[in-house]
Amino acid sequence: MGISEPWVLLRGLMRHSGHWGAFGGKLQQEFPSSKILLLDLPGNGTKWQLSTPTNVNEIIDILREEVHRATGTTPFHFLGMSLGAMVGLKWAQRYPESFRAIIAINPSLKQYSKPWQRLRPQSLFGIMAAIFARDSFDREKAILHLTSSNKPADLGVIAQSYADFDSQWPLRRNNFFRQMLLASKILLNEPVKVPLTILASENDRLVSSRCSSALAQFLSSRLAVHPTAGHDLVLDDPDWVISEIKSIVFQAQK
């Protein structure tokens, strides 16, 4: 498609750029003239040695500098998942001129959703299993059981590919709790002055899709709901996400 602005992608809680898998390549194929930037929250992935700030503005400053070094002042399209989407929304509220558009996947904010919607009670056992797993493979498999609707036979292969990152970018348990605290502190008290689409997963076992619906209503944004995917929508149906992205960009060009 005929756009050249960069794309900035950001994952969520204890997820890093490696967890995008093949999606970054798929997006590059659709937008060959665009630079695709896969960022990591401080404490995750390439930034694993850092302690995650619990002040979202500190994170925004770090990411903003990273994007500026890579792209200059060119406005970018932003795609964020879960906590990454929440950081992106706050970022756009502070610096709307930096954004061409935002696509937020399965976000939730405590102002507009109940605690048991933001974190489904039935997911707590799986979360504990992931936090205290004996090795990285068991941890990744526990996370996938929470976040993906893929067949169980597929999860082992995916979990192993994710676990292989651990030797390079190990996950630190204290950053899980810091990121949970960060997510509880992000507030959005006024609409975001950037074109926004929210994508939600009806079969999300971790976060209720009602969180996305409530946020979309507050922000008067477009909402699209996938009927079968889990929380990790990009993993479960990347082609649907790409289709939604193309539709958003095409409408914006009209």
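A residue is called buried when its relative accessible area is under 20%, and exposed when that value is over 50%. The model used in these exercises is predicted.

**Exercise 1. Two sides of helix α7**

Find which residues of α7 are buried, and work out how they are arranged around the axis.

*Solution.*
Step 1. Locate the helix. Helix α7 covers residues 152–163.
Step 2. Check its length. At 1.5 Å a residue, its 12 residues should span 16 Å; the end C-alpha atoms lie 17 Å apart, so the two values agree.
Step 3. List the buried residues. In α7 they are Leu155, Ile158, Ala159, Tyr162 and Ala163.
Step 4. Look down the axis. These residues cover an arc of only 135 degrees, so they sit on the same side of α7.
Step 5. Turn to the other side of α7. Ala153 and Val157 are exposed there.
Step 6. Ask what covers the buried residues of α7. The cover includes α6 (136–147) and α10 (233–236).

**Exercise 2. Helix α3 and the core**

Decide how far α3 is enclosed by the rest of the structure, and state what α3 gives to the largest nonpolar core.

*Solution.*
Step 1. Check the length. Helix α3 (residues 83–94) has 12 residues and reaches 17 Å from first C-alpha to last, close to the expected 16 Å.
Step 2. Look at burial. Of those 12 residues, 11 are buried, so α3 is largely enclosed by the rest of the structure. Among them are Leu83, Met86, Lys90 and Gln93.
Step 3. Go to the largest nonpolar core. It has 35 residues, and Val87, Trp91 and Ile102 touch the most other members.
Step 4. Find the main contributor. α3 gives the most to this core, with seven residues.
Step 5. Recall the general trend. Nonpolar side chains tend to be buried together in soluble globular proteins.
Step 6. Zoom in on Val87. Beyond its neighbours within four places in sequence, valine 87 contacts Leu10, Leu41, Val56, Ile59, Ile60, Leu63 and Ile186.
Step 7. Note the second core. This separate core has 22 residues, including Trp20, Ile36, Leu79 and Ile103.

**Exercise 3. Proline 6**

Is proline 6 buried or exposed? Which residues does proline 6 touch?

*Solution.*
Step 1. Place the residue. Proline 6 is in the segment before β1 (7–10).
Step 2. Apply the cut-off. Its relative accessibility is 5%, so proline 6 counts as buried.
Step 3. List the contacts. Leaving out residues up to four places away in sequence, proline 6 touches Lys35, Thr71, Thr74, Pro75, Phe76 and His77.
Step 4. Compare chain and space. Proline 6 and glutamate 97 are 91 residues apart along the chain, and their C-alpha atoms are separated by 14 Å.

Notes
Residues are numbered from 1 along each chain as its sequence is written. This is a predicted model: local features need pLDDT of at least 70, side-chain atom pairs count only at pLDDT 80 or more; totals for chains, interfaces and linings use all residues. Side-chain values use heavy atoms; hydrogens and water are left out. Helices (H or I, at least four residues) and strands (E, at least two) are DSSP runs, numbered from the N terminus. The expected span of a helix is 1.5 Å times one less than its number of residues. Buried means under 20% relative accessible area, exposed over 50%, partly exposed in between (1.4 Å probe, protein chains only). A nonpolar core is a set of buried Ala, Val, Leu, Ile, Met, Phe, Trp, Tyr and Cys residues joined through side-chain atoms within 4.5 Å. Contact means heavy atoms within 4.5 Å. The arc is that of the directions from the helix axis to the C-beta atoms.
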